Amino acid sequence: MNFLKFRLFLLLAVTASFLFIFQGQALAQSKPCKLAATSEISSKDQAKCLLRPVSKFGNLGKNLSTLPVPLDRLLSLPTIDLDKDTLRRYLKANNIQESDIGGSLDSSISRGNNNSSRADLARYFIIHDTSTPNFEDRNFPANINDARWSGNDLQQLTQGEPVAHVFVNRVGESATTVNFDTPWRSTGFEVDICGVPCKGMFLSVEMVQPRRSDPSGGNGNDAIAPNPGFTDSQLDRLAIVYVAASVRRGKWMIPAFHASLDAEIEGGHDDPQNFSLDNWSEHLDNLLKQIRTTP
């Protein structure tokens, strides 16, 4: 993948709401997305860029022409149409702990500029995949979607220096490593391009996904992912984490793929692989119906 020169224009409003526009000269599908806090760029238009299909070696598809249901509707709303008490009834009925999905619903989420009280609340919900372990030229084990597979051990995944706010394994369990109220950075864009103003504007979720090597790539590459890339249980839990984060924000968050944020960054990532946005959106739609009808 060729990476070309880029220019970054970062504008901070006096009120500390942020607007940043990163422009490149590459092919349309490789250009970075325009991200904004103002009405200049709608949440839906940002999502259409940030949710471009991700192919092997980090190649990105074109901007989406439309968003699937219910994302199209949700991102059009000025405020969230769901309250925390309604969500809590669903969580209690399904034995889901708030501590496992980003933290207490009673606390706010992080703010930009390293939690500056004058900055906006986090706006973007980044979907990653772990891309580990790499089985190289071996086949994926038959039990990767089983709780007995070591790669689904959340305790092991969350040890050491945190790399994301929440991890979701392939059996639909999750664990919080950094509370959503804590500013964290998980992409090259946040660290190397936007800098401190972006610290706290993005919430990050790692989806467990092993990889294999593609013979057409370099030695030890991790270009091949399972297909489908994620289990139904995993997509269900991702939807729950997304809803919980949005309820805490008070407005539906803008979902984003890691690879789209790191477009044109040398060494940028290629995740999530084989992520079906239509499938996840269907899970999200079903989840919202269940939440709203839980007695």
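**Figure 1. An open sheet of five strands, with mixed pairing, follows the order 6-5-7-4-8.** The model shown in this and the following views is predicted. Strand 6 (174-176) and strand 8 form the edges of the sheet, each pairing on one side only. On average, neighbouring strands of this sheet are turned by 25° against each other, direction ignored. Helix 7 packs on the sheet, where it touches strand 4, strand 5 (166-168), strand 6, strand 7 (202-207) and strand 8. The direction of helix 7 makes about 165° with that of strand 7. As context for the close-up views, the protein chain comprises nine helices and eight strands. Of the 295 residues in the protein chain, 52% are buried. Among contacts in the chain between residues at least 6 apart in sequence, 67% join residues at least 24 apart.

**Figure 2. Strand 4 (residues 124-129) runs parallel to strand 8 and parallel to strand 7.** Strands of a sheet pair through backbone hydrogen bonds, either parallel or antiparallel. Six bridges join strand 4 to strand 7, and four bridges join strand 4 to strand 8. On the side of strand 7, Asp129 has Met207 as its bridge partner. On the side of strand 8, Phe125 is partnered by Pro255, and Ile127 is partnered by Phe257.

**Figure 3. The side chains of strand 4 and strand 8 lie on two faces, and the residues of both strands are buried.** In a regular strand the side chains alternate between the two faces of the sheet. In strand 4, Tyr124, Ile126 and His128 are on one side, whereas Phe125, Ile127 and Asp129 are on the other, and both faces are covered. Six of the six residues of strand 4 are buried. In strand 8 (residues 254-257), Ile254 and Ala256 point one way, while Pro255 and Phe257 point the other way; all are buried.

**Figure 4. Ile127, a residue of strand 4, is shown with its surroundings.** The relative accessibility of Ile127 is 0%, and this residue therefore counts as buried. Apart from its neighbours within four places in sequence, Ile127 is in contact with Val205, Met207, Leu238, Ala256, Phe257, His258, Asp271, Pro272, Phe275 and Trp280. Among these contacts, Phe257 is also the bridge partner of Ile127 in strand 8. Although Ile127 and Glu206 are 79 residues apart along the chain, their C-alpha atoms are separated by 6.4 Å.

**Figure 5. Helix 3 (residues 84-93) packs with helix 7 (residues 232-249).** Two packed helices are described by the angle between their axes and the distance between the axes. For helix 3 and helix 7 the angle is about 155°, with the axes 10 Å apart. Because angles over 145 degrees count as roughly antiparallel, helix 3 and helix 7 are roughly antiparallel to each other. Their crossing is left-handed. Lys84, Leu87, Tyr90 and Leu91 in helix 3 meet Ile240, Val243, Ala244 and Val247 in helix 7. The residues of this contact comprise seven nonpolar, no polar and one charged.

**Figure 6. Helix 7 packs with helix 9 (residues 277-293).** The axes of helix 7 and helix 9 are 9 Å apart and make an angle of about 60°. Helix 7 and helix 9 are therefore oblique to each other, and their crossing is right-handed. Helix 7 contributes Asp232, Leu235, Asp236, Leu238, Ala239, Ile240, Tyr242 and Val243 to the contact. Helix 9 contributes Asn279, Trp280, His283, Leu284, Leu287, Leu288 and Ile291. The residues of this contact divide into eleven nonpolar, two polar and two charged. Ile240 and Val243 of helix 7 take part in the contact with helix 9 and also meet helix 3. Leu238 of helix 7 and Trp280 of helix 9 belong to this contact, and both Leu238 and Trp280 are in contact with Ile127.

Definitions and conventions
Residues are numbered from 1 along each chain as its sequence is written. This is a predicted model: local features need pLDDT of at least 70, side-chain atom pairs count only at pLDDT 80 or more; totals for chains, interfaces and linings use all residues. Side-chain values use heavy atoms; hydrogens and water are left out. Axes are lines fitted to C-alpha atoms, for helices over the stretch in contact, and angles run from 0 to 180 degrees between N-to-C directions. Angles under 35 degrees count as roughly parallel, over 145 as roughly antiparallel, 65 to 115 as roughly perpendicular and the rest as oblique. A crossing is left-handed if the near helix is turned anticlockwise from the far one by less than a right angle, and right-handed if clockwise. Contact means heavy atoms within 4.5 Å. Ala, Val, Leu, Ile, Met, Phe, Trp, Tyr, Cys and Pro count as nonpolar, Asp, Glu, Lys and Arg as charged, and the others, Gly among them, as polar. Buried means under 20% relative accessible area, exposed over 50%, partly exposed in between (1.4 Å probe, protein chains only). Two strands pair if DSSP finds at least two bridges between them.
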